[in-house]
Amino acid sequence: MATYVVGDLHGQLPLFENLLTKINFSFQDDRLIAAGDVIDRGAHVGELLERLYDGSRDGWFLPVAGNHEEAFLRLRDGESLPFYQDPEFGGARTLESLSRLGHTRSRRLESWLRTWPFVWSDSRHIVVHGGLPAVPGSNLGDPDLCATRISPSGNFHECVDLRPPNVLPSWDGRLVVSGHTIVRKAKHLCDGVIMVDTGAYRTGRLSAYCLENETFHSVVGIPC
Ligand SMILES: [Mn+2]
């Protein structure tokens, strides 16, 4: 059994399929965790979500929410988020893609997105999109603060918004694996923190980290 954490997918279904092939992913025995930002920017958001929705029902896929999922759900709740459909943020791609799926399927996916947690963890690892909010007065993070701590900007939960140098190791020594900030190569940021987002939507490089083997994997292709 292997558990992989994949960086920000942003609708990159072909790259995702290539990655599964490259790591010889077993849908029976392995698990894959997405470190948030599965939606927006890419051309295949709806199809990718459907693939992952099936994967979660079959038990091999586990999601963690990113700032893009948080923004999408707030928009759906009627908030005015002018930045959401900016080309840079890429939300129009998600709205178009979901509308192509039709009302029933897109509502089912939206309901599922509402269940995504901010953190996945086990006894040795913590997966979060941005980083762990800092324990007051220290330079260590605490996953228990993820559900409540809001960014100073007021826009997002802090855990989906943090970037280096504010991506901190956990106070309890568990390894933190995060996305959100694009790195050229998936790597250790420092002791206790791994970054896996290699910016697939624009670089064509999609990366993952295997928790059990402590190995990095990536594929390179054409982003869509
Ligand atoms: Mn992000």
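What follows is a walk through this chain, from its overall dimensions down to a few individual residues.

Keep in mind that we're looking at a predicted model. The chain holds six helices and ten strands. How does its size compare with that of a compact globule? For 224 residues, such a globule would have a radius of gyration near 17 Å, and the chain comes out at 16 Å, so the two agree. Along the principal axes, the C-alpha atoms fill a box of roughly 45 × 40 × 30 Å. Buried residues account for 42% of the 224 residues. If you take the contacts between residues at least 6 apart in sequence, 67% of them join residues at least 24 apart.

Let's start with the sheet that contains β1. This is an open sheet of five strands, in the order β3-β2-β1-β9-β10, with mixed pairing. At its edges stand β3 (61–63) and β10; each has a single partner strand, so one side of each has no neighbour in the sheet. On average, and ignoring direction, neighbouring strands here are turned by 25° against each other. Two helices pack on this sheet. Helix α1 (residues 13–22) touches β1 (3–6), β9 and β10, and its direction makes about 135° with that of β10. Helix α2 (residues 45–58) touches β2 (31–34) and β3, with its direction at about 110° to that of β3.

The β9 and β10 end of this sheet deserves a second look. Strand β9 (residues 205–210) pairs with strand β10 (residues 215–220) in the antiparallel sense, over six bridges. You can check the register by eye: R205 sits opposite V220, and L206 sits opposite V219. The two strands form a hairpin with four residues between them. In the turn, E214 has a positive phi of about 55°.

Now for the other five-stranded sheet. Its order is β4-β5-β6-β8-β7; it is open as well, and its pairing is mixed. Which strands stand at the edges? They are β4 (119–121) and β7 (187–190), each with a single partner strand, so one side of each is left without a neighbour in the sheet. Neighbouring strands in this sheet are turned by 25° against each other on average, direction ignored.

Strand β6 (residues 175–178) is a good place to zoom in, with V177 as the guide. β6 runs parallel to strand β8 (residues 193–195), and three bridges join them. Across that pairing, V177 stands opposite I194 in β8. Is V177 buried or exposed? It counts as buried, because 24 C-beta neighbours lie inside 10 Å and the cut-off for burial is 20 or more. Setting aside neighbours within four places in sequence, V177 contacts V5, A35, H125, V127, I194, V196 and Y209. Two of those contacts lead back to strands we've already met: V5 falls in β1 (3–6), and Y209 falls in β9 (residues 205–210). As for S207, which is 30 residues from V177 along the chain, the two C-alpha atoms are separated by 12 Å.

That leaves a group of helices to visit. In helix α3 (residues 67–76), the buried residues are N67, H68, E69, E70, A71 and F72. They pack against α4 (91–101) and α5 (103–113). Just after α3, G78 takes a positive phi of about 100°.

What about α4 and α5 themselves? Two packed helices are described by the angle between their axes and the distance between the axes. Here the axes come within 6 Å and cross at roughly 125°, which means α4 is oblique to α5. From α4, L98, S99 and L101 meet R105, S106 and L109 of α5. The residues of this contact divide into three nonpolar, two polar and one charged.

We can finish on S99, in helix α4. Although S99 takes part in the contact with α5, it counts as exposed, because it has 11 C-beta neighbours inside 10 Å and the cut-off for exposure is 12 or fewer. S99 and V183 are 84 residues apart in sequence, and their C-alpha atoms are 32 Å apart in space.

Notes: Residues are numbered from 1 along each chain as its sequence is written. This is a predicted model: local features need pLDDT of at least 70, side-chain atom pairs count only at pLDDT 80 or more; totals for chains, interfaces and linings use all residues. Two residues are in contact if their C-beta atoms, placed from the backbone, lie within 7 Å. Axes are lines fitted to C-alpha atoms, for helices over the stretch in contact, and angles run from 0 to 180 degrees between N-to-C directions. Angles under 35 degrees count as roughly parallel, over 145 as roughly antiparallel, 65 to 115 as roughly perpendicular and the rest as oblique. Ala, Val, Leu, Ile, Met, Phe, Trp, Tyr, Cys and Pro count as nonpolar, Asp, Glu, Lys and Arg as charged, and the others, Gly among them, as polar. Two strands pair if DSSP finds at least two bridges between them. The radius of gyration is taken over C-alpha atoms; the globule rule is 2.2 Å times the number of residues to the power 0.38.
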